[in-house]
Amino acid sequence: MKSDSKQSANTLGDWAKIALEKHFQKTIQYEEDVLSDRDPEALHQMRVGMRRLRSAAKGFAPALDLPKAARHSQIGKISRSLGSLRDLDVLLETLETHYQDALPDREKDEFKRALTLLKSERSQAFDAVKETLNSEIYLSFKNSLADWLNRPSYGEMSVLPIQGILPDLLLPEVSDLFLHPGWLLGIKTKKGKVKINNLTETEVEELFQKQGETLHDLRKQVKRVRYQMSLFTNFYGKDYSEYVDDLKEIQEVLGKMQDSVVLAETLSRVLGCNLQDALPTLAEKLLENRYLSWLEWQPLHQKYLEPEIRDQLRLELLYPNPSSKSKKARKKKKKG
């Protein structure tokens with residue numbers, strides 16, 4: 001979307017259309033490269049585009065009257081197909097780049113067998129993506145959204161000034177994030193204060209075995225909020241952008257932990273046995289890297305457990321395009 005269009009955009013509906021068009025165009029530009037399977041990066045970019053498009057469709061829902069084929073639930077179905085293939089690409093790249101050369105000779109044959117099996121699954125996943133991108137669901141989505149962008153239809157909330165409604169869009173998402181049970185993993189409370197519990201590698205592994213899915217779900221919630229907040233960086237200042245950067249960092253470090261879990265589970269599944277029995281060196285390295293990622297997570301975890309940080313973020317969301325009046329209000333709030 002051209003910059004002059006952004007300058008003339010004032011309402012929630014204006015910005016909804018800008019966001020949808022931006023991410024739609026990014027998504028479809030990679031379609032040919034994905035279908036030709038020439039470059040894994042094209043698949044990654046198309047998947048990111050679909051995720052951001054889904055986030056925009058959901059985040060701006062009060063302002064939109066989208067055709068059924070272009071709503072966020074339909075976009076999610078398409079995105080999941082791309083995600084399955086992308087996940088296998090990441091697993092294969094991680095194994096070949098970071099672990100293959102570190103294994104002793106006695107484990108290399110079994111490692112190669114695992115790669116062969118994963119590449120076979122990858123081939124099946126690619127066939128599924130081709131089927132999806134040639135399906136009536138995808139074609140209907142693409143045509144419906146293109147038609148909507150040419151002749152947009154809006155919901156009643158679309159006429160409201162964007163600055164006045166942004167807090168109402170963002171605060172519920174952030175509240176859901178702060179209330180997520182994943183923040184409670186690996187903490188202790190003392191005299192009404194919450195602090196990080198210094199867990200050993202064994203304790204961290206036990207935590208993952210019992211509650212790893214909760215931590216994974218926290219990452220998904222972080223990603224949703226990050227995508228949502230990223231839509232509105234034009235309306236806030238430097239502090240807001242720093243919160244978005246923090247969310248990206250949290251998403252990445254939680255993602256590294258989850259990737260190691262998925263990698264171990266996937267290898268155990270394709271090999272038909274416990275990874276510790278088949279590839280003990282690899283299993284130990286995955287445990288070690290997971291623990292290092294856990295340690296990397298701790299400062300961010302502690303930061304966003306602090307009531308002051310949470311309060312400052314909520315306060316930041318209340319004042320899009322800070323005026324002198326809102327700046328004074330925030331300073332007064334912080335001093336109080």
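Let me start with the charged pairs, since the structure holds 15 salt bridges, and I should say at once that what we are looking at is a predicted model.

One of these bridges is formed by Asp37 and Arg122, whose side chains meet at 2.7 Å, N to O. This pair links distant parts of the chain, with Asp37 sitting in the loop between H3 and H4 and Arg122 in helix H6, which covers residues 105-133, so that the partners are 85 residues apart. Are the two partners buried or exposed? Arg122 is buried, with a relative accessible area of 14%, whereas Asp37, at 32% relative accessibility, counts as partly exposed.

Please stay with Asp37 for a moment, and with its backbone. The loop that holds Asp37 runs between helix H3, residues 31-36, and helix H4, residues 40-59, and the phi angle of Asp37 is near 60 degrees, which is a positive value in a residue other than glycine.

The second pair I would like to show is Arg47 with Asp87, a salt bridge in which the closest N and O atoms are 3.3 Å apart. Arg47 belongs to helix H4 and Asp87 to helix H5, residues 72-99, so this bridge ties together parts of the chain that are 40 residues apart in sequence. Here again the arginine is buried, Arg47 having a relative accessible area of 12%, while Asp87 is partly exposed, with a relative accessible area of 40%.

The third pair is a local one, namely Lys220 and Asp217, whose side chains form a salt bridge at 3.9 Å, N to O. Where do Lys220 and Asp217 lie? Both are in helix H9, residues 201-230, and they are 3 residues apart, about one turn of the helix. Lys220 is partly exposed, with a relative accessible area of 29%, and Asp217 also counts as partly exposed, at 28% relative accessibility. Coming back to the earlier pair, salt bridges that share partners join Asp37, Asp89 and Arg122 into one network.

For the charges as a whole, the protein has 54 positive and 50 negative side chains, and the centres of these two sets lie 8 Å apart.

Now to the nonpolar interior. In soluble globular proteins, nonpolar side chains tend to be buried together. In this model the largest nonpolar core has 99 residues, and the members that touch the most others are Phe60, Met229, Phe232, Trp294 and Trp297. Which helix gives the largest share of this core? That is helix H10, residues 238-271, which supplies 14 residues.

Met229 is a useful residue to click on, and if we leave aside its neighbours within four places in sequence, Met229 is in contact with Leu170, Val174, Tyr240, Tyr243, Val244, Leu247, Leu313 and Leu317.

Finally, the overall picture. The protein has 14 helices and 2 strands, and its C-alpha trace spans about 65 × 60 × 25 Å along the principal axes. Buried residues make up 47% of the 336 residues, and the accessible surface comes to about 17,700 Å², of which 47% belongs to carbon and sulfur atoms. Among contacts with a separation of 6 or more, 77% are between residues 24 or more positions apart, and the bridges from Asp37 to Arg122 and from Arg47 to Asp87 are two pairs that you can look up in the structure for yourselves.

Conventions: Residues numbered from 1 in each chain as written. Predicted model: local features only at pLDDT ≥ 70, side-chain atom pairs only at ≥ 80, totals over all residues. Heavy atoms only, no water. Helix = DSSP H or I, 4+ residues; strand = E, 2+ residues; numbered from the N terminus. Buried < 20%, exposed > 50% of the residue type's maximum accessible area, 1.4 Å probe, protein only. Contact = heavy atoms within 4.5 Å. Areas by Shrake-Rupley, 256 points an atom, 1.4 Å probe, with all protein chains shown as cover. Lys, Arg positive; Asp, Glu negative; His and termini not counted. Charge placed at Lys NZ, Arg CZ, Asp CG, Glu CD. Core = buried A, V, L, I, M, F, W, Y, C linked by side-chain atoms within 4.5 Å. Salt bridge = Lys/Arg side-chain N within 4 Å of Asp/Glu carboxyl O.
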